[in-house]
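Trainee: I should like to request a close look at a single part of this model. Please treat the cysteines first and the main pocket afterwards.

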Amino acid sequence: MSKKFPKYNHPMTVYTGIKTFDIKQTSLEKDNLYGCVEFSKYLLTVDPNQRPEDYKGTLLHEICHIGYEIFGLNDDDEIPSMSNEYLTSITSNMIQQMAGLNPEIFQFIFADND
């Protein structure tokens, strides 16, 4: 993560329908992370020192963590055994909901890396 990229321009909140998470762009190199979600603080942090395609992937990854938490799949030790179909249904429903509530962020994530 040594190359420095400019901070990315996109909405700085993610709304779940019941909670709003702030997005913070800051280096996470000391923690050896590219992104993280602190649920108790309603904070999604993403390291901007990534190539655009990696940054977008990290942002989507962290949004999925938030979505899974909303759908009750937040604690690895308590997640029941799931079939592929069940997990796919949860994921597609969650992404549809999150994209519908946050269209500008998803437009940013899925836009070409110009």
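Does Cys36 count as buried or exposed?

Mentor: Cys36 counts as buried, because its relative accessibility is 19% (buried is under 20% relative accessible area, exposed over 50%, partly exposed in between, with a 1.4 Å probe and protein chains only). The model is predicted, so local features need pLDDT of at least 70 and side-chain atom pairs pLDDT 80 or more, whereas totals for chains, interfaces and linings use all residues. Residues are numbered from 1 along each chain as its sequence is written, and side-chain values use heavy atoms, without hydrogens and water.

The whole structure contains 0 disulfides (pairs of cysteine sulfur atoms within 2.5 Å). For Cys36, the closest cysteine sulfur belongs to Cys64 and lies 15 Å away, which is too far for a bond. Cys64 is likewise in no disulfide, with the sulfur of Cys36 as its nearest at 15 Å. Cys64 also counts as buried, because its relative accessibility is 15%.

Turning to the largest pocket (an open set of 1 Å grid points with protein on both sides within 12 Å along at least five of seven lines), one finds 13 lining residues, each having an atom within 4 Å of a point. His65, Tyr68, Leu73, Asn74 and Asp76 lie nearest the pocket centre. Both β3 (35–38) and α1 (52–70) supply at least two residues of this lining (strands are DSSP runs of E, at least two residues, and helices of H or I, at least four). The largest share of the lining, 4 residues, comes from α1.

Conventions
1 Å grid on protein atoms, 1.4 Å probe; cavity = no way out; pocket = protein on both sides within 12 Å on 5 of 7 lines; lining within 4 Å.
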